[in-house]
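Trainee: Could we go through this protein together, one step at a time?
Mentor: Gladly; take a look at it here.

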Amino acid sequence: MKFLLTSDFKTVATEIASLVFPKTEFQVLFKETGIGKISITFKNPKHFADNFRIKFCSKLKTLTISGYSKEGIVHLNYLPENNYDWRNGGEYTISKPSSVGEKFEFLASKFYPVLQEYYLGDVFENFFISQEFETAATSVVAEAFPQFHFSLSYSENVEKEPCLNFKGQRNETKILNFRQKTFQTTESILFNVDFRNRAKCLAINTRWDGEQYVLFYYSIGTLSWSTLHSDKINPPSAFGKEFESIAVKLYPLLQEFFPG
């Protein structure tokens with residue numbers, strides 16, 4: 001099982017950036033730019049001149065920081081063992097910029113081992129999960145099950161497409177009149193969402209009262225339930241509507257973030 005980007009990396013990235021920019025609150029944006037390549041943009045909503053971008057290539061083991069200096073746009077190419085190569089916007093070799101040189105070299109030395117630990121090798125080989133998707137996906141699930149707080153992890157299915165693993169724990173701070181008595185005594189909810197972009201469908205797998213249930217949702221809007229013993233069953237009365245709502249809302253999100 002290959003676990004991919006999780007929300008804790010955003011915290012790590014923000015902490016490193018704060019060592020150089022302690023008074024700046026950045027928006028941290030992630031993007032895959034190719035197989036084994038990641039781009040991290042640190043965006044200051046108030047002052048664009050503070051913005052900078054880090055590009056990491058796991059296969060070539062290189063890191064590039066791009067940003068603004070008094071001389072214009074500059075790029076720092078970093079290799080392990082303190083190998084710093086500075087370029088201007090035209091990709092010509094330049095001396096270390098006086099305004100951001102020390103800052104970017106410090107960031108490069110700090111970010112490289114962290115990115116190497118997270119993404120070197122097969123961990124970041126096939127696809128990328130963004131913070132934006134994680135937030136949107138957990139919001140969809142929390143809307144269906146408001147009494148639970150959900151965490152999300154990721155893996156690949158056999159066709160190299162994303163599988164979402166949701167775990168919900170009862171939120172004791174919320175007292176709600178939930179329509180199903182079944183959930184009033186339930187402490188946790190576990191289910192997986194297996195996305196098949198080529199087949200234009202997703203499957204939600206969950207277990208309830210000793211039975212394994214699978215909900216299939218197809219792009220044309222068709223929903224069908226099955227168990228290990230029956231191919232087609234009526235929607236379970238205890239949680240059918242909740243999981244059907246999740247399927248309908250998650251599918252367009254998965255299509256948007258993982259178009260194939």
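The conversation below goes from the whole chain to its cores and then to some of its strands.

Mentor: This is a predicted model, where local features need pLDDT of at least 70, side-chain atom pairs count only at pLDDT 80 or more, and totals for chains, interfaces and linings use all residues. Residues are numbered from 1 along each chain as its sequence is written, and side-chain values use heavy atoms, with hydrogens and water left out.

Trainee: How many helices and strands are in the protein?
Mentor: We take them from DSSP runs, numbered from the N terminus: helices are H or I with at least four residues, and strands are E with at least two. Counted that way, the protein has 4 helices and 12 strands.

Trainee: What percentage of the residues of the protein count as buried?
Mentor: Buried means under 20% relative accessible area, with a 1.4 Å probe and protein chains only. Of the 260 residues, the buried share is 45%.

Trainee: Which element gives the most residues to the largest nonpolar core?
Mentor: A nonpolar core is a set of buried Ala, Val, Leu, Ile, Met, Phe, Trp, Tyr and Cys residues joined through side-chain atoms within 4.5 Å. The largest one has 33 residues, and F166, F191, L202 and F243 have the most contacts inside it. Elements that each supply at least two of its residues include α3 (131-144), β8 (162-170) and α4 (240-257). With 7 residues, the element that gives the most is α4.

Trainee: Which residue of α4 does F166 touch?
Mentor: Contact means heavy atoms within 4.5 Å. Leaving out residues up to four places away in sequence, F166 touches A137, F150 and F191, among others. Its list also includes a residue within the 240-257 range of α4, namely L250.

Trainee: Why is strand β4 largely enclosed by the rest of the structure?
Mentor: Look at how many of its residues, 62-69, are buried. β4 is largely enclosed because the buried ones number 6 of the 8.

Trainee: Which residue stands opposite T64 in β5?
Mentor: Two strands pair if DSSP finds at least two bridges between them. β4 and β5 (residues 72-79) run antiparallel and are joined by 7 bridges, forming a hairpin with 2 residues between them. Opposite T64 in β5 stands N77.

Trainee: And which residue stands opposite T64 of β4 on the β3 side?
Mentor: β3 (residues 52-57) and β4 also run antiparallel, with 6 bridges joining them. Their hairpin has 4 residues between the strands, and K61 takes a positive phi near 55° there. The residue standing opposite T64 is K55.

Technical notes. Buried < 20%, exposed > 50% of the residue type's maximum accessible area, 1.4 Å probe, protein only.
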